[in-house]
Amino acid sequence: MTDGIDTAGRKGRGRRVILWRHGQTSWNVERRFQGTTDVELTETGVGQARRAARLLASLQPDAIVASDLRRAANTAAELAALTGLEISHDEGLRETYAGVWQGLTHDEIIARHGDEYAAWKRGEPIRRGGGELETEVADRAAPVVLRHADKLPENGTLVVVSHGGTIRTTIGRLLGLEPHHWEGLGGLSNCCWSVLGEGARGWRLLEHNAGTLPEPVLGDDD
């Protein structure tokens, strides 16, 4: 039992969870912290979503759950269009709320909140901009993933469409890692994904930042 999520004692049913980050937004390009701000995909982001959706559709997912923010919801819609699956939207999968950081560029955050930024990068429990702790993000997001994964058939696949920071904290929680070590999981590029597989002793990270040749990570989690 780690941070309230039981990752032991589960029978290995061969389930798979694909955690898929949304496509590019203008704020990603500007290196502007989005958080819970509802920013649209760019044309490039829509193209990324369509390309990735073709790859993910080939994995024959059984269910899709997505953040209700438009950049994630519209990314998920591309996969739904190919698979015919309905999307369950859940605000528990939103990106980290970061208070006064939201809307600021990376450089502006360092200039105005440099000590806070440095403490966050050291792995200290920081409410960035007066917002959520990373553990609080995991508290709301990981149960959403587990609830939907529990509905899968044996060897079933769930696609979770969310945001870079939320995906990283959720993976850390489901793997049973201590929060201080979550930063060891690198960020996801736009429209890339990570894959968790269920084994006899809980969830295992099978792939990370998959789906493209290496690209810069542009977003709140870089």
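**Exercise 1. Contacts of histidine 22**

Task: In this predicted model, state which residues histidine 22 is in contact with, leaving aside its neighbours within four places in sequence.

Solution. Beyond those neighbours, histidine 22 contacts Asn28, Gln34, Arg71, Ala72, Thr75, Ser162, His163, Asn190 and Cys191. With one of these residues, arginine 71, the histidine 22 side chain makes a side-chain polar contact of 3.4 Å. Histidine 22 itself sits in the loop between strand S1 (16-21) and H1. Its relative accessible area is 2%, and the limit for buried is under 20%, so histidine 22 is buried.

**Exercise 2. The annotated positions**

Task: Find which residues UniProt lists for "active site", and describe where they lie.

Solution. The unreviewed UniProt entry lists His22 and Glu95 under that heading. They are spread over 74 residues of sequence, yet they cluster in space, with a largest C-alpha distance of 10.8 Å. Next, take the second position: glutamate 95 is in the loop between S3 and H4. At 3% relative accessibility, glutamate 95 counts as buried. Histidine 22 is buried as well, with a value of 2%.

**Exercise 3. Glutamine 24**

Task: Determine whether glutamine 24 is buried or exposed, and which side chain its own side chain meets in a polar contact.

Solution. Start with location: glutamine 24 belongs to the loop between S1 and H1. Its relative accessible area is 13%, which is under the 20% limit, so glutamine 24 is buried. The polar partner is the side chain of threonine 42, at 2.8 Å. Not counting residues up to four places away in sequence, glutamine 24 touches Val29, Leu41, Thr42, Thr44, Gly45, Gln48 and Asn190. Asn190 is also among the contacts of histidine 22.

**Exercise 4. Aromatic pairs**

Task: State how many aromatic pairs the whole structure holds, and work through the pairs that involve tryptophan 101 and phenylalanine 33 or tryptophan 120.

Solution. The search of the whole structure gives 4 aromatic pairs. One of them joins phenylalanine 33 and tryptophan 101, with 5.8 Å between centres and 80° between planes. An angle over 60 degrees counts as edge-to-face, so this pair has that geometry. The two rings come from distant parts of the chain, 68 residues apart: phenylalanine 33 is in the loop between helix H1 (26-29) and helix H2 (43-57), and tryptophan 101 is in the loop between strand S3 (87-89) and helix H4 (106-121). Phenylalanine 33 is buried at 5% relative accessible area, and tryptophan 101 is buried at 1%.

Tryptophan 101 also pairs with tryptophan 120, again edge-to-face, at 6.2 Å centre to centre and 75° between the planes. Here the residues are 19 apart, with tryptophan 120 in helix H4. Tryptophan 120 is buried too.

Now put the pairs together: ring pairs link Phe33, Trp101, Tyr117 and Trp120 into a cluster. Finally, lysine 121 lies over the face of tryptophan 120, 4.4 Å from the ring centre.

**Exercise 5. The span of helix H5**

Task: Decide what span helix H5 should have at 1.5 Å a residue, then name its buried residues.

Solution. Helix H5 covers residues 134-149, which is 16 residues. The expected span is 1.5 Å times one less than the number of residues, so H5 should span 22 Å. Its end C-alpha atoms are 22 Å apart, which agrees. The buried residues of H5 are Glu134, Val137, Ala138, Ala141, Ala142, Val144, Val145, Leu146, His148 and Ala149. An α-helix has 3.6 residues a turn, so residues three or four places apart point the same way.

**Exercise 6. Positive phi**

Task: For arginine 31 and asparagine 155, give phi, location and exposure.

Solution. Most residues other than glycine have a negative phi. Arginine 31 has a positive phi of about 55°; the residue is in the loop between H1 and H2. With a relative accessible area of 37%, arginine 31 is partly exposed. Asparagine 155 also has a positive phi, near 65°, and its place is the loop between H5 and strand S4 (157-162). Its relative accessible area of 54% is over 50%, so asparagine 155 is exposed.

**Exercise 7. Two glycines**

Task: Establish how far glycine 164 and glycine 187 are apart in sequence and in space.

Solution. In sequence the separation is 23 residues; in space the C-alpha atoms are 6.3 Å apart. Glycine 164 is in helix H6 (residues 164-175), and at 8% relative accessibility glycine 164 counts as buried.

How values were computed. Residues are numbered from 1 along each chain as its sequence is written. This is a predicted model: local features need pLDDT of at least 70, side-chain atom pairs count only at pLDDT 80 or more; totals for chains, interfaces and linings use all residues. Side-chain values use heavy atoms; hydrogens and water are left out. Helices (H or I, at least four residues) and strands (E, at least two) are DSSP runs, numbered from the N terminus. Buried means under 20% relative accessible area, exposed over 50%, partly exposed in between (1.4 Å probe, protein chains only). Rings of Phe, Tyr and Trp (its six-membered ring) pair if their centres lie within 6.5 Å; planes under 30 degrees apart count as stacked, over 60 as edge-to-face and the rest as tilted. A charge sits over a ring if NZ of Lys or CZ of Arg is within 6 Å of the ring centre and within 35 degrees of the ring normal. UniProt positions are given in the numbering used here, feature names are shortened, and annotations may be inferred rather than shown by experiment. Contact means heavy atoms within 4.5 Å. A polar contact is a pair of N or O atoms within 3.5 Å; within protein, one must be able to donate a hydrogen and the other to accept it, and residues adjacent in sequence count only if both atoms are side-chain atoms.
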